Amino acid sequence: MISVEDRLEIEAFLFKEARLADESRYSEWEALVDDDMHYWVPLRESQDPDSDQVSLLNDNRTRLATRIRQLNTGVRHAQLPPSRMRRSIANIEIEELGADEYAVGANVVLYEFRRQATKELEVWPARVEYKLRRKDGELKMFRKHIFLLNSEGSVRGLSFII
Amino acid sequence: MIKQTDTSKSPRYDELITDARVHSSLYTDEKVFEDELNRIFRMGWVFICHDSEIPTAGDFVRRNVGREPVFAIRSRDDEISVIVNRCAHRGNIICQEDKGNRKALVCQYHGWAYDTKGALVDVPYPGGFKGDFSCHGLERLPLVDSYQGFVFASFNENAPPLLDHLGRATELIDRAVEMSPVGRIRLSGGWVQHQLNCNWKMLPENDTDGYHVNFVHPSFAQAIRSNYDEAVLDDEESLKSLAKDWGNGHTELFFSPSYTRPLEWFGCAEDRHPAYTKAMLDAYGEQKGGRILRDGPPHAVIFPNLFLGEMNIVRFEPVAPGVCLHVHTPMYLEGVEDDVNRRILRQSEGALGPTAFLLADDCVIAERAQSALQGKGGWLDLSRGAEREVVEDDGVISSHLTDETPNRGFWRHYRRIMQPGSPTSDVGAVA
Ligand code: FES
Ligand SMILES: [Fe+2]
């Protein structure tokens, strides 16, 4: 069992991470990420990230930095203007992995208003699995795996931070 | 024969399309869309799958031909059939999964059983069945043929042979598979279905449009150094890549003239994959092997629904006049070490699909265009570079990378099949 204090700290981290992503504050969001980050949206419900199966997104830290750099150019049409977004995180379960490391699972629903083109409201339901560690007294995220419910169906453009 | 279900009158396609312009209703009109489903996706050849997706007997993959649900399945004699995914009894779906393996095809509704070629072999409670088994098979597409493992099919038994449809564009497919030292590709990575709310024709048009790159992809150019810097992003005088019309609606952006060293197209140093380089030189000889390693893969559309997207294979699917799918998978090579295919996979994820550094931007631009074409609409200009095109020895029309030569080639063929017998429909066409 993790302590109530740990749980509150982890939840606060997740809510902040969600808010920064919602508000397209790319560099502030990136500051939450550790050097060995794996940011992943697989195609299938059960998929090995190292297999030959294609993913919707499969970023190591370097590629994630490129993604953020592209968003920060200000000329990324797909997010010009950025989608207006709000997401809710529920059913948070936390497991302590060892010294100051945690695995977190949650259900997330993201609502996205696609104002850069079609002006539709898109809904992105997902299972999200995070890994966090405490480093120099602060939590950092080193894994975010997003299992979209419709990943094997047709998927709309996903150029924001999910 | 194909049942003619048209109720309203078709527009005059030869009036909506000239070599200099096309009318926006071609992207928005329901009747145009219905005509396309009939005349292009039922009467013509459509790319279905690659045979490496269904390597063993009983393997199948589900696909759509236009809006017709079908599946491709391999039989024990190695024949590939393309079969309408609809039970001959009361129309239930036969294969629900996207892919799988079946020894026999049994309908889940009342249990009619078919063999892997679609012939009816068993009916439960046969006492009440007075029909003739041979008249109650699944509907098979009458024409199925393949080239270099790429399987195409047609609902039209009178369609000209596949090789006539491909014409000289067989060379484009050859160039794709010759990226492998054994001349074989493998589509085993799974397909990502990216939905765009735009007309399907914007996909082939944009995928071989060399004019938009500086404007749609500046964020890519600023964030990433890549082989595209020289191939598509230079100023007008320095660009060496070419735009090509291969005839029959097949089009290409030819990047190879921009590449000066081996594997530049692969975004790595030329000594990065020594085993691959050696295997290619051994397989094709110093001259041809060296040329393939320098030129890289094709970036070309095979009309109407196949895109040889460098080291990706893409299918275009029309869903509605304003909705389509861009469906991609990495083009893995046989006969190479894993790190080559690993690089192909990572590049595929970077370039194509909903989250990609490139396609996500194209997607938004296409969707904006679709909303601008609503209503009465207007004319779209396609005249750029018409006066500086050259016809090469093989008949392929070639022009500056930024010229609308591929668009004109696409629409010329489109007009010819949408308005058969049109007196102007062959003007300027190659093949
Ligand atoms: S619908 Fe297939 S057996 Fe009846
Ligand atoms: Fe593009």
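How do the residues of the lining of the largest cavity divide into nonpolar, polar and charged? Let me keep that question in mind while I introduce the model.

What you see above is a predicted model, in which local features need pLDDT of at least 70 and side-chain atom pairs count only at pLDDT 80 or more, while totals for chains, interfaces and linings use all residues. Residues are numbered from 1 along each chain as its sequence is written, chains are lettered from A and ligands numbered from 1 in the order in which they are written, and side-chain values use heavy atoms, with hydrogens and water left out.

I begin with empty space. Rolling a probe the size of a water molecule over the atoms shows where empty space is left. On a 1 Å grid over the protein atoms alone, a cavity is a set of points where a 1.4 Å probe fits but cannot get out, whereas a pocket is an open set with protein on both sides within 12 Å along at least five of seven lines, and lining residues have an atom within 4 Å of a point. Grid points are joined across faces, edges and corners, and a volume is the space filled by probe spheres set on the points.

By this rule there are seven cavities of 30 Å³ or more, and the largest has a volume of about 70 Å³. Its lining includes A:Glu17, A:Arg87, A:Trp124 and A:Lys144, and strand 5 of chain A gives the most to that lining, with four residues; strands here are DSSP runs of E with at least two residues, helices are runs of H or I with at least four, and both are numbered from the N terminus. To return to my question, the lining has nine nonpolar residues, no polar ones and three charged ones, where Ala, Val, Leu, Ile, Met, Phe, Trp, Tyr, Cys and Pro count as nonpolar, Asp, Glu, Lys and Arg as charged, and the others, Gly among them, as polar.

Turning to chain B, the second largest pocket has a volume of about 620 Å³. Of the 27 residues that line this pocket, B:Arg62, B:Arg63, B:Asp98, B:Gln193 and B:Arg315 lie nearest its centre. The largest share of the lining, six residues, comes from strand 3 of chain B, and by class the lining has nine nonpolar, eight polar and 10 charged residues.

Next comes the iron ion (ligand 2), which is coordinated by B:His212 (NE2), B:His217 (NE2) and two OD atoms of B:Asp362, at 2.0 to 2.7 Å; donors are N, O and S atoms within 2.8 Å of the metal (3.2 Å for Na, K and Ca), and water is not among the atoms, so sites may look incomplete. B:His212, in the loop between helix 6 and helix 7 of chain B, and B:Asp362, in helix 12, are 150 residues apart. Both B:His212 and B:Asp362 are buried (under 20% relative accessible area, with exposed over 50% and partly exposed in between, for a 1.4 Å probe and protein chains only).

Finally, some backbone details. Most residues other than glycine have a negative phi, and most peptide bonds are trans. A cis peptide bond joins A:Leu80 and A:Pro81, and the bond from B:Phe303 to B:Pro304 is also cis, with omega near 0°. B:Tyr125 has a positive phi of about 50° and is exposed, with a relative accessible area of 75%, whereas B:Leu263, with a positive phi of about 65°, is buried at 0%.
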